[in-house]
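Please work through the following exercises with the structure at hand. Each task is followed by a stepwise solution.

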Amino acid sequence: MSNSEETIPIKDEYDIVAARSAGKTISSKCGFGLVDQTRISTAISELARNILVYAVTGTVYIREVDATGKHGIEVVAEDHGPGIVNLDLAMTDGHTTGGGLGAGLPGTKRLMDEFEIVTAVGEGTTVTVRKWV
Amino acid sequence: MTHESELREKYSELLRGFLESRDERCLYDIENISKEFVRANIGPDYILEAHLNTLNEIISETPVDKAVQVYNNASEPIFNLMVAYATAYHDYIAMTEERYLREKRLADELNDANRNQEMFISIMSHDIRNPLSAVVGYSGLIQKRSKDNEKIKRFAEKIEKTAMEIDRMIESIRTYSRVKKGISEEDFDEIDLKTTLSEIFEFLDEKIQVHGTKIEKRYRTDGEYMVLGTEFLKNAYLNIIDNAIKYSPKNSMISITLDDAETDWKFGVADHGDGISNEMKEAVFERFTRNDKRGIKGSGIGLAITKHAIESHGGKVWIADNPGGGCIFYITVPKA
């Protein structure tokens, strides 16, 4: 059985729903329970929402991944927006520039097992998160 | 409808919508509404109650053979709500802590700054006043011993007067710092403004004579004008009247009024000086601003003290133009 993969361009809220939907199908196929599926959906929502708020458009890639002795899901959220000027600050709990509550990056990190971020001012941001079954 | 019941209603609708259509959009909206719950400070128990009530309603309308399926499907929306709620709540706590720490840091800094300022003022006034008393003392001696040398006598007199002027300035800076620090509750006493004004005119009598100022008093009633006041408030009235005399031409008329203004007593002093331009009407109450008057002595903080003192008594002070030329200072203070 080949690993599933989905690419979802993000340009409005309907795309966030589509990304969540794809995330749920793949995470269910990976063998995640309902609670973990919910965690993954919430994380996808946050990443996709960040794209809309800060970069306006971008792409979410969702795929099944295998590593030595483990199986899971990987979500990559990529945009060519302004990038994050102060990454340390953005990763600090309680920091928000979007205004108001939003789980933001620290919240997303907490929901998943692995979290990586690459950002360059003026070039964009790529966030990669993984969760293992 | 309250915000609480509105959100509850919205959630019920979304739950129904999801159970009918299994549409992912409903889950996404539920995720968003969970942030609203956090913002509105609505607890998870309340949400769970709303969830169960709605679910029971739906189940009661559902054929028995499908009820179990509906029940199972309903766990997904509530999981979504709870995960999003918890994530947003975590953020909320972190934000509140961050804000608390920031505010505490600012408050500490402000306290330090205020303490330093007070300390500085008390050290400064002490350290300057000591040598100043030597200046006053020795210039007095020079005046006494200079016998027939009128010129030296006059110079020594000038030195003495200037030193006294500096002393008064230091005193007013000290008063300013004390008024700013706030007046404690024990200082308040019931005082009658009419009596206060008589005392002030008695105190200023010599100045009024020298200046040839004529005082016209128009009080609304003959009764008492009671307010809750302190020495600072009495000084505020004194300062305003003293200013009116100081800035008026010699032999001119000053009108004093006391009126009933609903909850307040309204005091006015109208002079026939040069008046104060509109852009200066508020600025004169700032520290070290003076309506340009050469040859008139003052530290430039008298009106700042006056304003702080009046406001500490729940009152107001402002300036209007006198239709007959000059200006009118008004003070209102709540009746006791």
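**Exercise 1.** In which helix of chain B does Tyr71(B) lie?

*Solution.* The model is predicted, so local features need pLDDT of at least 70 and side-chain atom pairs pLDDT 80 or more, whereas totals for chains, interfaces and linings use all residues. Residues are numbered from 1 along each chain as its sequence is written, chains are lettered from A and ligands numbered from 1 in the order written, and side-chain values use heavy atoms, without hydrogens and water.

Tyr71(B) belongs to helix H4, residues 64-73 of chain B (helices, H or I, of at least four residues and strands, E, of at least two are DSSP runs numbered from the N terminus).

**Exercise 2.** Classify the pair formed by the rings of Tyr237(B) and Phe267(B), and locate both residues.

*Solution.* Step 1: the search over all chains yields seven aromatic pairs (ring centres of Phe, Tyr or Trp, its six-membered ring, within 6.5 Å; planes under 30 degrees apart are stacked, over 60 edge-to-face, the rest tilted). One of them joins Tyr219(B) and Tyr225(B): with centres 6.3 Å apart and planes at 70°, the pair is edge-to-face.

Step 2: the ring centres of Tyr237(B) and Phe267(B) are 4.9 Å apart and the planes stand at 85°, so this pair is edge-to-face.

Step 3: Tyr237(B) lies in helix H9 (residues 231-247) and Phe267(B) in strand E5 (residues 264-270), both of chain B, so the pair ties together parts 30 residues apart in sequence.
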